[in-house]
Amino acid sequence: MKKKKKYLTIKRGFGKDAILGAGYGMGAAKFYERCLQNPDLRPLFDSGAYDFKFVQALIKTYRTTYNKIPQFWTAIEKCFKWVTKYPNVTAQYGPLNLWNYGGTVCIELPSTRVLYYRHAKINSRRELSYQHGSLWGGSICENLIQAIARDLLGYWILEFEKRGFPVVLHSHDEIVTIVEGAEKKLDKALAIMKSAPEWAKEIPLDAEGCVSEVYTK
């Protein structure tokens with residue numbers, strides 16, 4: 001049992017960091033650095049069980065398997081650069097609309113909420129930056145995904161309140177409510193978080209939860 005648990009911990013360490021990081025452009029060097037900072041994975045690299053070549057192969061496998069994700073980084077960066085360079089034009093990629101308002105690049109999300117990138121610029125090396133630092137397709141992708149996730153969470157919080165589930169806490173991607181007869185109402189609560197507003201009908205959604213006397217992860 002201990003060996004199995006250790007094996008699953010290792011796989012989770014690689015899998016979680018790869019999926020979460022590589023989806024936003026993390027390369028092999030950065031992933032290798034993060035592995036060495038992970039207390040569960042570091043001993044495996046020190047022992048030689050895993051090395052930098054393994055990490056390189058993992059990143060390559062991710063980008064090949066999910067090749068549309070790197071394609072999106074390139075496409076959204078191109079749209080961003082286009083409106084940055086030509087302030088009088090607009091760009092559209094799927095449900096996303098981009099335009100430049102006096103040096104601030106605006107991206108309208110599917111929910112119609114807008115992200116603002118003030119003082120957007122392109123330098124002589126064709127690199128993007130804005131008020132808070134550098135930008136590229138992967139970081140823009142991360143902003144968009146996190147913003148859409150926030151919009152969904154906000155929708156679910158309001159739906160919880162409407163349907164008699166008073167929200168006492170929300171953290172990242174979870175909602176905590178206190179109700180009587182919680183065991184019988186759990187499925188109804190999960191159904192809310194599996195539902196989507198009209199603008200998000202094409203997004204695959206799922207949820208899981210539990211009943212507990214105290215807050216738990």
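Here are some notes on the cores, one helix pair and a few individual residues in this predicted model.

1. Start with the main core. The largest nonpolar core holds 38 residues, and Phe80, Ile140 and Leu144 have the most contacts inside it. Helices H5 (68-85), H6 (137-162) and H7 (182-194) each give two or more residues to this core, as do strands E2 (96-101), E3 (104-108) and E4 (114-117). H6 supplies the largest share, 10 residues. As background, nonpolar side chains tend to be buried together in soluble globular proteins.

2. Phe80 is a good place to centre your view. Leaving out residues up to four places away in sequence, Phe80 touches Leu98, Val105, Ile107, Tyr117, Ala120, Leu128, Leu135 and Ile140. Ile140 also appears with Phe80 among the residues with the most contacts inside the core.

3. There is a second core too, separate from the one above, with 16 residues. Ala18, Ala28, Phe31 and Leu41 are among them.

4. Now the helix pair. The axes of H2 (residues 28-37) and H4 (residues 52-65) come within 9 Å of each other and cross at roughly 125°. An angle over 115 but not over 145 degrees falls outside the perpendicular and antiparallel ranges, so H2 and H4 are oblique to each other. The crossing of H2 past H4 is right-handed.

5. As for who meets whom, H2 brings Ala28, Ala29, Phe31, Tyr32 and Cys35, while H4 brings Phe52, Val55, Gln56, Leu58 and Ile59. Sorted by class, this contact has nine nonpolar residues, one polar and no charged ones. Two of the H2 residues here, Ala28 and Phe31, are also listed in the second core.

6. Don't skip Tyr101, which sits in strand E2. E2 gives two or more residues to the largest core, yet Tyr101 has 64% relative accessibility and so counts as exposed. The C-alpha atoms of Tyr101 and Tyr116 are 9.4 Å apart, with their positions 15 residues apart along the chain.

7. Two backbone angles deserve a look. Thr112, in the loop between E3 and E4, has phi near 85°, which is positive although the residue is not glycine. His172 is in the loop between strands E8 (167-171) and E9 (174-177), and its phi is near 60°, again a positive value in a residue other than glycine.

8. Both of those loop residues can be placed by accessibility as well. Thr112 counts as exposed because its relative accessibility is 55%. For His172 the figure is 72%, so His172 counts as exposed too.

Technical notes: Residues numbered from 1 in each chain as written. Predicted model: local features only at pLDDT ≥ 70, side-chain atom pairs only at ≥ 80, totals over all residues. Heavy atoms only, no water. Core = buried A, V, L, I, M, F, W, Y, C linked by side-chain atoms within 4.5 Å. Buried < 20%, exposed > 50% of the residue type's maximum accessible area, 1.4 Å probe, protein only. Helix = DSSP H or I, 4+ residues; strand = E, 2+ residues; numbered from the N terminus. Contact = heavy atoms within 4.5 Å. Axes fitted to C-alpha atoms, helices over the stretch in contact; angles between N-to-C directions. Parallel < 35°, antiparallel > 145°, perpendicular 65-115°, else oblique. Left-handed = near helix turned anticlockwise from the far one by under 90°. Nonpolar A, V, L, I, M, F, W, Y, C, P; charged D, E, K, R; others polar.
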